[in-house]
Each structure stands twice: as structure tokens, then as C-alpha cells.
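Here is a friendly tour of one protein model, written for a reader who likes to check details against coordinates. Please keep the viewer open as you read.

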Amino acid sequence: MEKSVNFEFRDLMEEMLQFDPVDVSAYSPLVLAYIGDCVYDLIIKSMVINQGNRQVQKLHRETSGYVQASAQSFMMRAMQEHLTEEEHAVYKRGRNAKSISPAKNQSITDYRRATGFEALVGYLYLKKQYERLLTLIKIGLESLKENQGEEDAGK
């Protein structure tokens, strides 16, 4: 059988770097959050640079507003009603995982919800459910932008 010419990025990585097959359910929620943090960071950085070439310091400032635990926590609240049972279970496993210490200047609640968010992102990425991953992130980002618009209007 001939291989498809249209590879997904992860498929290409697996082939070129000779990755072993992965059983996503075998990973701990903190491992899912570890890779999910990277995937989400790449999505946000891609979104920010797509808005135009700027100084790296300005790019970093804008990116940090999206990747901090409080923003991820807010996004997760908006996304929750759209999750399947399986996705909700992954989120809860990540949220309830015992991590070493919370991030500086973040509430425990936001930190745990953000860890659940990152675990879900990692899970969907490793399951190659890219469209679903981006759909959920888009829902979260839209709710974050709506909230920022309301805050700006209240000033």
C-alpha cells in the first residue's frame, strides 16, 4: 500500500525520528500537561507572530498574557461545557494531579485548572486530534477576548 504524500507534522516526526508507538492513556496527567504546555505555547506564539513582525520583547509580552495560568483557567471554564466525557475525565485527572508547587503569583485554583487545561491539550495532541484541539482552544480564546473587551469597556 502506498503511503499518503500529505503527512501530518506529527506523523512526519514519528517517521523521521523513529518514534515508538504511543499509548496515550499510559501517560500520567503531569506528563500530558508537560507536552500540552509546549503545544499550547507554540499555538499562541504562532498566532501572535501571525499578527505581524515586531520586537521580540513585544511578542513575549503579548504571548505571556495568553499562557499564564489565570488566562488558561479562564479559557478552561469557557471550554468545559463543550468537552466530551473522555475529555472532561482527562481534564479532571490533570486538574487533580499533585504537582510540586504552584506557579508564582497564581492562585492554587487557577494553577490546577491550568494544569488540567494543559493535560487536555497534551492528550488531544498525542491522540492526533488536532482539529478538536484547535476548536477547543478557539472557544477558549474567544471567551478570553470577550472578557478583555468587557474589562476595557468598564475602564
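## Overall picture

Of the 155 residues in the protein, 32% are buried. Keep in mind that this is a predicted model. The protein has 7 helices and 0 strands, and read from the N terminus the order of elements is α-α-α-α-α-α-α. Among contacts in the protein with a separation of 6 or more, 71% are between residues 24 or more positions apart. The protein exposes about 10200 Å², and carbon and sulfur atoms supply 53% of that area.

## The nonpolar core

Which residues touch the most other members of the largest nonpolar core? They are Y40 and L120, in a core of 30 residues. Two or more residues of this core come from each of α2, α3 (56-67), α4 (69-79), α5 (85-96), α6 (108-126) and α7 (130-153). The biggest share is that of α6, which gives 8 residues.

L120 is a good residue to centre the view on. Leaving aside residues up to four places away in sequence, L120 touches M76, M79, L83, E87, V90 and L136.

## Helix α2 and the annotated position

Helix α2 covers residues 29-49, and D37 is found there. The UniProt record, an unreviewed entry, places the feature "active site" at D37. Is D37 buried, partly exposed or exposed? D37 has a relative accessible area of 34%, which makes this residue partly exposed. The cut-offs behind that label are under 20% for buried and over 50% for exposed.

A salt bridge is found in this helix too: the side chains of D41 and K45 meet with 3.1 Å from N to O. D41 and K45 are 4 residues apart in helix α2, so about one helical turn separates them. D41 is partly exposed at 23% relative accessibility, and K45 is also partly exposed, with a relative accessible area of 42%.

## Salt bridges

The count of salt bridges comes to 5. Three of them are listed here, with the distance between nitrogen and oxygen.

| Salt bridge | N to O distance |
|---|---|
| K128 and D11 | 2.6 Å |
| E62 and R54 | 2.7 Å |
| D41 and K45 | 3.1 Å |

Let us take the pair of K128 and D11, whose closest N and O atoms are 2.6 Å apart. K128 lies in the loop between α6 and α7 while D11 is in helix α1, so this salt bridge ties together parts that are 117 residues apart in sequence. K128 counts as partly exposed, with a relative accessible area of 35%, and D11 is partly exposed at 23%.

The salt bridge of E62 with R54 brings their closest N and O atoms to 2.7 Å. E62 is partly exposed at 24% relative accessibility, and R54 is partly exposed at 29%. Elsewhere, D11, E14 and K128 are joined into one network by salt bridges that share partners.

## Two positive phi values

Backbone angles are worth a look as well. Most residues other than glycine have a negative phi. Which phi value does K128 have? The phi of K128 is near 65°, a positive value in a residue other than glycine. This residue is found in the loop between α6 and α7, and K128 is the salt-bridge partner of D11 described above.

Q18 also has a positive phi, near 55°, and is likewise a residue other than glycine. Q18 lies in the loop between α1 and α2. With 66% relative accessibility, Q18 counts as exposed.

## A nonpolar patch at the surface

Which residues make the nonpolar surface patch of about 400 Å²? The patch is made by L12, M16, L17 and F19. L12 sits in helix α1, which runs over residues 9-16. At 34% relative accessibility, L12 is partly exposed. A residue needs over 30% relative accessible area to be part of a patch, so L12 at 34% passes that cut-off.

Conventions. Residues numbered from 1 in each chain as written. Predicted model: local features only at pLDDT ≥ 70, side-chain atom pairs only at ≥ 80, totals over all residues. Heavy atoms only, no water. Patch = residues over 30% accessible without salt bridge, like charges linked within 9 Å, V, L, I, M, F, W, Y side chains within 5 Å. Areas by Shrake-Rupley, 256 points an atom, 1.4 Å probe, with all protein chains shown as cover. Salt bridge = Lys/Arg side-chain N within 4 Å of Asp/Glu carboxyl O. Buried < 20%, exposed > 50% of the residue type's maximum accessible area, 1.4 Å probe, protein only. UniProt positions renumbered as here; feature names shortened; annotations may be inferred. Core = buried A, V, L, I, M, F, W, Y, C linked by side-chain atoms within 4.5 Å. Contact = heavy atoms within 4.5 Å.
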